[in-house]
Amino acid sequence: MSVESNLEMFNKIRPKIELGITIATFYATTEPRWKRMFIKVSFTSTLLCLVSATYHIFNTFEGQLTGNLAMSFILCVGCIQIISKSILMRYHRHNLLKLLEKMQILHNNFQNEEINYIAAKKLKKFNDIWQICFKLIKAIIAMAVIIFSISNIVRGKSGVIAQIPFIPNDLPYYTQLMLFIQFILLAMASIFVFYTDICIAFFGFEIMAASDILYDYISANTDRIQKDPDFLKIIMIRYCEVVDNIELFNKINFIANLIQFATSIFLSFAVFFFIRLYPKHPVGYPTVMSILVELFIPCLFGEFIKIKMERLSSTLYLTNWYSLSLKDQKSFLIVLLITQREYGLRAAGMYDVNIYTFIKVVKMAASWCAFIFTLEAVQGKTA
């Protein structure tokens, strides 16, 4: 595959990523009119979801957590997560666009034919995976929204989890109106979630591709380091580019990952509570799948990026760099010192974003759920 083919592949994906960045950052000033309306409606719907779900919780809470309140709580916390991440992404819009340009360079800037050949295979592999994830996650979110809305329609009044303020309860067809508005708001908010997360996922895949390209290139040329003076230069430049991309990616998601973890604990707790309360209800399972997939994506990227960077560091160390000239050895040792650092994703600089953290978040939510049920059982016996 040629450089032109790589760039053509990237250009097919780029409009989706640019739309994702625009939606995630709520920046619609330079878009066509229909896109500006779409972005504004999505963001406004998310705000209205938060207000209406909070209003419903305050109106219906009577000292006991029910399935209806659990779903309202999920909607409320989910909207807080979306809005918070959107504000942070708006602040980092320049960095997102900068990272997008770096990803384009990855598709068209190759020093030689060998790197071009390796890059073509790796970029196609990860771009294909991203396309599959794009379709799969879109289907999961759409399925969750549809099943959730149909279930609420069947349940009738008890399916209302969001109330629009200033609309009287005795209005004719009030329940049907609320269910319809609820469906529209939820659908628009889910679009906001989907494009934000799939946009971040693209950058994660591209960083992994860049790491794999360099790893394969070094592995295929372990004996060239002392024969070809340009080989060391290429390695150093490309490794620093990978590290720079990871640092920029971390900077963008510095606080967003912490918000993701904090809100996911509450979201997982609420949906586990709902499933425990109604184990045969069809809504709980697609909802929990959507919540866990959204949390799993950044954790999976953090795990893989860390593993790939550790593998790359080991490969660099195992090259026969000791055969280089003294000047080149000094340069190479600088790179080795850089590789000794642990490169992965961090949440607010405090928590590692990896599979272990994902498991801890899910276990914490499950423990809270079990505690609440045990507490209610004890209160029921003593009453």
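This presentation describes the fold, the helix packing and a few individual residues of one protein chain.

Good morning, colleagues. The structure is a predicted model, and I shall begin with the overall architecture. The protein chain has eleven helices and two strands. Read from the N terminus, the order of elements is α-α-α-α-α-α-α-α-α-α-β-β-α. The chain has 383 residues, of which 52% count as buried. Among contacts with a separation of 6 or more, 81% are between residues 24 or more positions apart.

Let me turn to the database record. An unreviewed UniProt entry carries the annotation "transmembrane region" for residues 37–58, 70–88, 132–153, 173–195, 254–277 and 283–305. How do two of these spans appear in the model? Residues 132–153 are 100% helix and 0% strand, and the end C-alpha atoms of that span lie 32 Å apart. For residues 254–277, the figures are 92% helix and 0% strand, with 36 Å between the end C-alpha atoms.

Next, I consider one helix pair. Helix H2, residues 33–60, packs with helix H3, residues 67–91, at an angle of about 145 degrees, and their axes are 8 Å apart. The crossing of H2 past H3 is left-handed. On the H2 side, the residues making the contact include Phe43, Leu47, Leu50 and Ile57; on the H3 side, they include Leu69, Phe73, Ile80 and Ile83. What classes of residue make up the contact of H2 with H3? There are 14 nonpolar and seven polar residues, and no charged ones.

The loop between H2 and H3 contains Thr66. Is this residue buried, partly exposed or exposed? Thr66 counts as partly exposed because its relative accessibility is 32%, and the partly exposed class lies between the 20% and 50% limits. Setting aside residues up to four places away in sequence, Thr66 touches Phe273 and Leu277. Thr66 and Ala270 are 204 residues apart in sequence, yet their C-alpha atoms are 10.0 Å apart in space.

I move now to the interior. The largest nonpolar core has 116 residues. Which residues have the most contacts inside it? They are Ile17, Trp130, Phe202, Phe203, Tyr239 and Met309. Helix H6, residues 174–219, supplies the largest share of this core, with 25 residues. Met309 may serve as an example: not counting residues up to four places away in sequence, Met309 touches Ser211, Tyr239, Val242, Val243, Ile246 and Tyr343. Tyr239 thus appears both in that list and among the core residues with the most contacts.

Helix H6 also holds a charged residue, Asp197. Is Asp197 buried or exposed? Asp197 counts as buried because its relative accessibility is 14%, and the limit for that class is under 20%. Leaving aside neighbours within four places in sequence, Asp197 is in contact with Lys85 and Glu294.

Finally, I draw attention to a backbone feature. Most residues other than glycine have a negative phi. Tyr173, which is not a glycine, has a positive phi of about 60 degrees. Where does Tyr173 lie? Tyr173 is in the loop between helix H5, residues 113–155, and H6. Its relative accessible area is 66%, so Tyr173 is exposed.

To close, the chain has eleven helices and two strands, H2 and H3 cross in a left-handed manner, and the largest nonpolar core draws its largest share from H6. Thank you for your attention.

Methods
Residues are numbered from 1 along each chain as its sequence is written. This is a predicted model: local features need pLDDT of at least 70, side-chain atom pairs count only at pLDDT 80 or more; totals for chains, interfaces and linings use all residues. Side-chain values use heavy atoms; hydrogens and water are left out. Axes are lines fitted to C-alpha atoms, for helices over the stretch in contact, and angles run from 0 to 180 degrees between N-to-C directions. Helices (H or I, at least four residues) and strands (E, at least two) are DSSP runs, numbered from the N terminus. A crossing is left-handed if the near helix is turned anticlockwise from the far one by less than a right angle, and right-handed if clockwise. Contact means heavy atoms within 4.5 Å. A nonpolar core is a set of buried Ala, Val, Leu, Ile, Met, Phe, Trp, Tyr and Cys residues joined through side-chain atoms within 4.5 Å. Buried means under 20% relative accessible area, exposed over 50%, partly exposed in between (1.4 Å probe, protein chains only). UniProt positions are given in the numbering used here, feature names are shortened, and annotations may be inferred rather than shown by experiment.
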